[in-house]
Amino acid sequence: MGVDWVLMSPLPGVARSRLEEMIEQQAAAFRASGCGLYDEFRFLDRAAAYNEEVVDPGPLADYVEYATEADGDPVLSWRVGAVVVNQVLPAEWRYAAQRSFLPDQILDAVAIWSTHLEEVRAGHHRAHLYAWYRYSTELEFAQVWWRDLRDRAMAARERHSRWAAQPDLVGVREQILGGPELPVSPPRWSEECTVPEDDGTYDAAFEMLREWNRRVPRKHRVGHWRHGPRQPFEAFVKAWGDNEWTWECLAWLQQAANEGRGVILDF
């Protein structure tokens, strides 16, 4: 089950203030559900906690009319991830984007998002982009691959098979288990971001991962890392700035607003 924006039109006679109130209530319910609280956003909303039972989004859906194929709309919904996971948009904006939008609100949001992406393409916001690049790539390595590596190394201590007892592997295993938790420091949206100097901690951790993968059977390897814990910074910026999924979503949202439609968050 994903999280989508679905084309809708407010029903006639519903006060604007009431629609805005219900949109805010639904957004709060979504945040409380934990559905959109990706690891990279946890520093933004530490009070949000994931619950198996999704909170009732409230009455907003009762006050809008959903678009249908009969209305001539070829695409009735779009995954919010097209905006929410784009790494060169500020995290604060992406987290806040997980909500419903009235037509004029779409126009404002698309203008802000698309302008920022164009500025990124033109070489602006470099301090924040580099700070976020360091954070997001290090977070993925620390929270996924390094954690998995340590779990596998710990499990290998309990194994009595031949490969687990090889002296070279035991040395790597203990080096992994004796290593520190990898630091991850999230940046706030600012043009004045500063990033600690790269002290080689992540490169050293990657080298341990690579040595582990060299010495264990294939099924005990971790990930498929070949080029280090980070893709090159310029490749990172270009990939997200030019991301077709994001740009197609923005065009879809723009068209919806031009036709007088809003989008409702469906989760």
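Helices here are DSSP runs of at least four residues, numbered from the N terminus. I'm working from a predicted model, so I keep that in mind throughout.

**Helix H1, charged pairs**

I began with Glu21 and Arg18, which both lie in helix H1, three residues apart, or about one turn of the helix. They form a salt bridge, with 3.1 Å between the closest N and O atoms. I checked burial for each: Glu21 is partly exposed at 40% relative accessible area, and Arg18 is partly exposed at 28%.

Next I looked up Arg16, which makes a salt bridge to Asp104 with the closest N and O atoms 2.9 Å apart. Arg16 lies in H1 and Asp104 in helix H4, so this pair ties together parts 88 residues apart in sequence. Arg16 comes out partly exposed at 37%, and Asp104 does too, at 33%.

**H1, last residue looked up**

Ser33 sits in helix H1, which covers residues 16-33. I get 0% relative accessibility for Ser33, so it counts as buried. Its side chain reaches the backbone oxygen of Phe30 at 2.6 Å.

**Other salt bridges**

How many salt bridges does the structure hold? I count 17. One of them joins Arg94 and Glu40, with the closest N and O atoms 2.6 Å apart. That pair links distant parts of the chain: Arg94 is in helix H3 (residues 91-96) and Glu40 in the loop between H1 and strand E2 (64-66), 54 residues apart. Both Arg94 and Glu40 are buried. I also noted a network in which salt bridges with shared partners join Glu118, Arg121, Lys238 and Asp242.

**Strands E1 and E4**

Strand E1 (residues 4-10) pairs with E4 in the antiparallel sense, over five bridges. I looked for the partner of Met8 in E4 and found Gly262. Strand E4 (residues 262-266) has four of its five residues buried, so the rest of the structure largely encloses it.

**His125**

Most residues other than glycine have a negative phi. I flagged His125 because its phi is positive, near 60 degrees, in a residue other than glycine. His125 is in the loop between helix H4 (103-121) and helix H5 (126-157). Is it buried or exposed? His125 is buried, with a relative accessible area of 12%.

**Cysteines**

I searched the whole structure for disulfides and found zero. Two cysteines I checked for burial: Cys193 has 17% relative accessibility and counts as buried, the cut-off being under 20%. Cys249 is at 0%, so it counts as buried as well.

Terms used
Residues numbered from 1 in each chain as written. Predicted model: local features only at pLDDT ≥ 70, side-chain atom pairs only at ≥ 80, totals over all residues. Heavy atoms only, no water. Disulfide = S-S within 2.5 Å. Buried < 20%, exposed > 50% of the residue type's maximum accessible area, 1.4 Å probe, protein only. Helix = DSSP H or I, 4+ residues; strand = E, 2+ residues; numbered from the N terminus. Polar contact = N/O pair within 3.5 Å; in protein donor to acceptor, adjacent residues only side chain to side chain. Pairing = 2+ DSSP bridges. Salt bridge = Lys/Arg side-chain N within 4 Å of Asp/Glu carboxyl O.
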